[in-house]
Protein chains: 2
Amino acid sequence: MLTERQLLILKVTVDDYIQSAQPVGSNQLTKKPGITSSSATIRNELAELESQGYLEKTHTSSGRIPSQKGYRYYVDHLLTPNPVPQQDIVQLRSVFEEKVTETEEIIKRSAGILSELTNYTSILLGPDIRKHIVKKLSIVPLSPGMAVAIIVTDSGHVENRVFSIPADMDPSDIEKMVNILNERLIGVSLYDLHRRLEQETLALLRQHIERYGELFRTFQQALLLPRADNVYYGGKLNILKQPDFHDIQKIRELMDVMEEGKHIPEILPIGAQGLQIRIGSENALAAMEDCSVITVSYDIGDEQVGSIAIVGPKRMDYRRIVSLLDYVSGDLSKELTRLFQGK
Amino acid sequence: MLTERQLLILKVTVDDYIQSAQPVGSNQLTKKPGITSSSATIRNELAELESQGYLEKTHTSSGRIPSQKGYRYYVDHLLTPNPVPQQDIVQLRSVFEEKVTETEEIIKRSAGILSELTNYTSILLGPDIRKHIVKKLSIVPLSPGMAVAIIVTDSGHVENRVFSIPADMDPSDIEKMVNILNERLIGVSLYDLHRRLEQETLALLRQHIERYGELFRTFQQALLLPRADNVYYGGKLNILKQPDFHDIQKIRELMDVMEEGKHIPEILPIGAQGLQIRIGSENALAAMEDCSVITVSYDIGDEQVGSIAIVGPKRMDYRRIVSLLDYVSGDLSKELTRLFQGK
DNA sequence: TGTTAGCACTCTATGAGTTCGAGTGCTAAG
DNA sequence: CTTAGCACTCGAACTCATAGAGTGCTAACA
């Protein structure tokens, strides 16, 4: 159990280290506001905090730095939220000032602003497009052997794929196919699309279209190919600004992991509600053991959910980021819901 | 003027430095195949090459490294092309093995493979979409106040923008508008689209559609907003692998410049035909003064042109990259033309 | 009993002094 | 013209000494 004074010293130590990136000594601490004891007393308390595992030394006679447990205690119990500064709000709101009407664009820009504001890297995950509902399907022939399939969803998202068609295909057959598809598939989610395509439309197509096989096969294949997810990064290079990352090898691993889309589920606790903080080795990936990740979710309407994450050094400014993400999450939910539900 | 022997020594020196990243001394050179003179003779020649500005020393008693002029002479006169290894070809061709039918996807994947093969950063510039020809326009209403405009081009590229419409708009009016737009604008290049939109369709719309003003204004605006260009990167992180770049500050500047789209014209000599090499300060950007950039153009059909660039340290493996880019350029031109012109 | 002053001790960072080796330029002989 | 030889230069790596920040412990104090 920690005494009042120990809590204070722990908080001030973490705060100072977050700010300076230097080990904190007992002398420095005496100069901090709120601390009245002498350096000797502080030393005793620091030794106690260390023995309980909240602080560490880099070498025998150095000052203290927070341990993983120390950071954890700090964010769990010592974090006093501070309001988001007006100028940050102004900058964040600027996304909605311009007449940007596409979810993706809004998310992308928000990622940029967040990284600029924080000097850390931001990762924004858009809502799962597979939950979007098909609004319209069309097929546009390009050349005798090629056509492009277009799917418009209720959110205004447009998926398109080029696929090959029999060179001597009758244009009216394509038209028929589009009609059948639209008749059967509007209102279906992208998630269900593939299954429904096969179950409901295949038989119908067989009846009405002469060479449905060739056409259908490549069309289906085109829709099958997975596409890049809706992950947006801001300030990937900000990692290079942090003095904590000096080892180029480490930087590369870290950037590599973030760049490669497949690690996203390990970086972000998808599905988690509210604000999450993962410190150092609490992260699933070894490359991120020197990082902390703060995530919040946001909603569009009642169901669709995206995530916002800030990746920084363990020594990141938790207080500021937590407040900021809290604000952004609420703001984004509100604005996107408004946009999405047609005001 | 340089003697035969001086040319040989220059070539071997540059080759060695490219390979080892270490200053090259006279003793090392005597061990190289083709060199028969003693180290003393080599020293004399090195001194001569230095006085003529082809080589430099890092300090008074160090070995020599190539100067900018030295590299330039090397690539202009001493570069003997070597054939692209079979395994590189196999890997490059793999893009076309899978049934990828979209120009963008092909270019993107090629960028990835190129960077993997070379360990440098690749930048691929797709053909200018503004030259694409409108194949079909459509407008899909999403909600009472929103719609998405879709433009399909002859290359299978799909542009789409969400824009706002009057909430009580008559659906038949939208249909009318789409008809008018298609009637007038199919066959027009994206480049001309905006002008033609105003010149040819505005009057017509005014005649036939009741509330053309509100609808047209936001539609026009949506098409006006510039979109991300078709620039694809491969291996941006490869810079971190090069021992030449150890200064994090420099790395950041460099990545910053590359990341930000607006510097593309300065990085790539757009419009230039054939293979171009820019060494060190020959690059327009200060951040790239330690880099070399090798570019080739490729064609689709007769007119449309894209560029492929490899960015590496000045000490890059010019011989290998030149051959590789030469091959890729030809291959990409051939395959894309085939695809584009419908076989 | 908790707090503090004092002090010996530890460890890092810094800078000066050495040595080693790779490399050079120059000279004189072949 | 080429080459062996040699004095010289400079960076890299190592040692050593010092300064400074910080610690832990002890003993005195309130």
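Biologist: Which helix of chain A gives the most to the surface near DNA strand D?
Modeller: This is a predicted model, where local features need pLDDT of at least 70, side-chain atom pairs count only at pLDDT 80 or more, and totals for chains, interfaces and linings use all residues. Residues are numbered from 1 along each chain as its sequence is written, with chains lettered from A and ligands numbered from 1 in the order in which they are written. Helices are DSSP runs of H or I, at least four residues, numbered from the N terminus. The top contributor, with 4 residues, is helix 3.

Biologist: Which residues are closest to DNA strand D?
Modeller: A residue is near a strand if its C-beta atom, placed from the backbone, lies within 6 Å of it. By that rule 20 residues surround DNA strand D. The closest are G25(A), S26(A), H59(B), T60(B) and S61(B).

Biologist: How many residues of the surface near DNA strand C are charged?
Modeller: Asp, Glu, Lys and Arg count as charged; Ala, Val, Leu, Ile, Met, Phe, Trp, Tyr, Cys and Pro as nonpolar; the others, Gly among them, as polar. The surface near DNA strand C has 14 polar and 4 nonpolar residues. The charged ones number 2.

Biologist: Are helix 8 and helix 9 of chain A roughly parallel or antiparallel?
Modeller: Their axes, lines fitted to C-alpha atoms over the stretch in contact, come within 12 Å and cross at roughly 170 degrees. Angles run from 0 to 180 degrees between N-to-C directions, and those over 145 count as roughly antiparallel. The two helices are therefore roughly antiparallel.

Methods
Parallel < 35°, antiparallel > 145°, perpendicular 65-115°, else oblique.
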